[in-house]
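Subject: The structure I promised you

Hi,

Here is the structure we talked about, so have it open while you read. Below it I've written up what I found.

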Amino acid sequence: MNWKKLLAALAAAWMLLLAVGCGDDAPVSGEGSVAVPDSSESAAEPSSGASSEAAPEESQSAPPQGEDPADPASAPPASDPGDWRLVLVNKEHPIDKELDITLEEVGGYKVDTRIAGPLRDMLAAAKKDGFSLTIISGYRTLERSRILYENKIKEYENLGYSNADARVQAARWVAPPGTSEHHTGLAADIVSAGYYNKYTDLVEAFEDEPEGRWLAANAPRFGFILRFPKDKEDITGINYEPWHFRYVGEEHAAAITEAGLCLEEYLAGKA
Ligand SMILES: [Zn+2]
């Protein structure tokens, strides 16, 4: 094994230790010197969020929708059983064009306007209980995902990987364009307000933080589920993400949580 390969292997192992695959959030900052131009998406975003880095995403508000807020045109892929709250976007169910949704800003990030209320309510309830939460990612455009993905591929190529291998590795950390649930505007990554004073990355340990526990226990009351559970990685294809919450509505959230299912299993049961 030559030095370059050895270094690449070491760096990859290092990332496995430090980073957790927000299939979509590219939380890899453990590489240190490796340029991670996309890390603001998941790391310490609040201070830099308004900078040019966030511009591509922020500036792409979805065009105003028709008068009818229940317009079925906004309910996307084939896997959708007719309920916009249950839309499924993942590697098996990618989208190839932007969804026609109306966006609204909550905590500095855009989300589908239909979940803005519940999301605000959840943050307010946490605050009332003494937990300060902060959103670090919301709606993401296909273009934004493409940039994150390409950046990640370049990082691996810089480590000595071939383009083909770099693509495989990149996909473990950043959802390829079209496959991220963040495209739906129904998902948000949420951590404690002081998270980045303690962690440099999104890590599973958030589950043991008081805020992580509060979220896991209370999110369903507001219609959100912990979308990528620890024991469902084989099914979701995404590593455990105690910070990624997805709106499905209160009834579905209660049913999914009580049954201990992930969204894929829940939808399969309804099919
Ligand atoms: Zn996420």
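Let's start with one residue: Asp112 sits in strand β2. Before going on, keep in mind that this is a predicted model.

Is Asp112 buried or exposed? It has 24 C-beta neighbours inside 10 Å, and the cut-off for buried is 20 or more, so Asp112 counts as buried. Who are its neighbours? Leaving out anything within four places in sequence, Asp112 is in contact with Ile101, Leu103, Thr184, Gly185 and Leu186. Have a look at Gly185 in particular: 73 residues separate it from Asp112 in sequence, yet their C-alpha atoms are 4.6 Å apart in space.

Next, the strand that goes with β2. Strand β1 covers residues 103-106 and β2 covers residues 109-112, and the two pair in the antiparallel sense over four bridges. Together they make a hairpin, with two residues between the strands. Gly107 is in the turn, and its phi is positive, at about 60°. If you want to trace the pairing by eye, find Glu105, which stands opposite Lys110 in β2. Then find Glu104, whose bridge partner in β2 is Val111.

β1 is also a good place to practise looking at side chains. In a regular strand, side chains alternate between the two faces of the sheet. Which residues of β1 point to the buried face? They are Glu104 and Val106, while Leu103 and Glu105 point to the other face and are not buried.

Now for the sheet with four strands. It is an open sheet with the order β3-β4-β6-β5, and the pairing is antiparallel. At the edges you'll find β3 (133-137) and β5 (224-226), each of which pairs on one side only. From one strand to the next, the twist averages 40°.

Here is how the strands are joined, going across the sheet:

- β3 and β4 run antiparallel and are joined by four bridges; Thr134 stands opposite Val191 in β4.
- β4 and β6 run antiparallel too, joined by three bridges; here Ala188 stands opposite Phe245 in β6.
- β5 pairs with strand β6 (residues 244-247) in the antiparallel sense, over three bridges; Ile225 stands opposite Arg246 in β6.

How much of β4 is covered? Six of its six residues are buried.

Something also lies across this sheet. Helix α8 (residues 210-218) lies across β3, β4 (187-192), β5 and β6, and it runs at about 145° to β4. One residue to pick out in helix α8 is Leu215. Leu215 has 25 C-beta neighbours inside 10 Å, which means that it counts as buried. Which residues does Leu215 touch, not counting those up to four places away in sequence? The answer is Ile190 and Phe245. You have met Phe245 already, as the residue opposite Ala188. Try checking a distance as well: Leu215 and Ile225 are 10 residues apart along the chain, and 9.2 Å separates their C-alpha atoms.

Then there is a pair of helices. Helix α5 takes in residues 142-158 and helix α6 takes in residues 163-171; their axes come within 8 Å and cross at roughly 125°. The two helices are therefore oblique to each other. The crossing of α5 past α6 is right-handed. On the α5 side, the contact is made by Tyr149, Lys152, Ile153, Tyr156 and Glu157. On the α6 side, the contact residues are Asn163, Ala166, Arg167, Gln169 and Ala170. Sorted by class, the contact has five nonpolar, two polar and three charged residues.

Finally, here is the protein as a whole. How many helices and strands does it have? There are 11 helices and six strands. Out of 271 residues, 45% are buried. If you take the contacts between residues at least 6 apart in sequence, 68% of them join residues at least 24 apart. Asp112 and Gly185, the pair from the beginning of this email, are 73 residues apart in sequence.

Have a click around, and write back with whatever puzzles you.

Cheers

How values were computed:
Residues numbered from 1 in each chain as written. Predicted model: local features only at pLDDT ≥ 70, side-chain atom pairs only at ≥ 80, totals over all residues. Axes fitted to C-alpha atoms, helices over the stretch in contact; angles between N-to-C directions. Parallel < 35°, antiparallel > 145°, perpendicular 65-115°, else oblique. Left-handed = near helix turned anticlockwise from the far one by under 90°. Contact = placed C-beta atoms within 7 Å. Nonpolar A, V, L, I, M, F, W, Y, C, P; charged D, E, K, R; others polar. Pairing = 2+ DSSP bridges. Buried ≥ 20, exposed ≤ 12 C-beta atoms within 10 Å, placed from the backbone.
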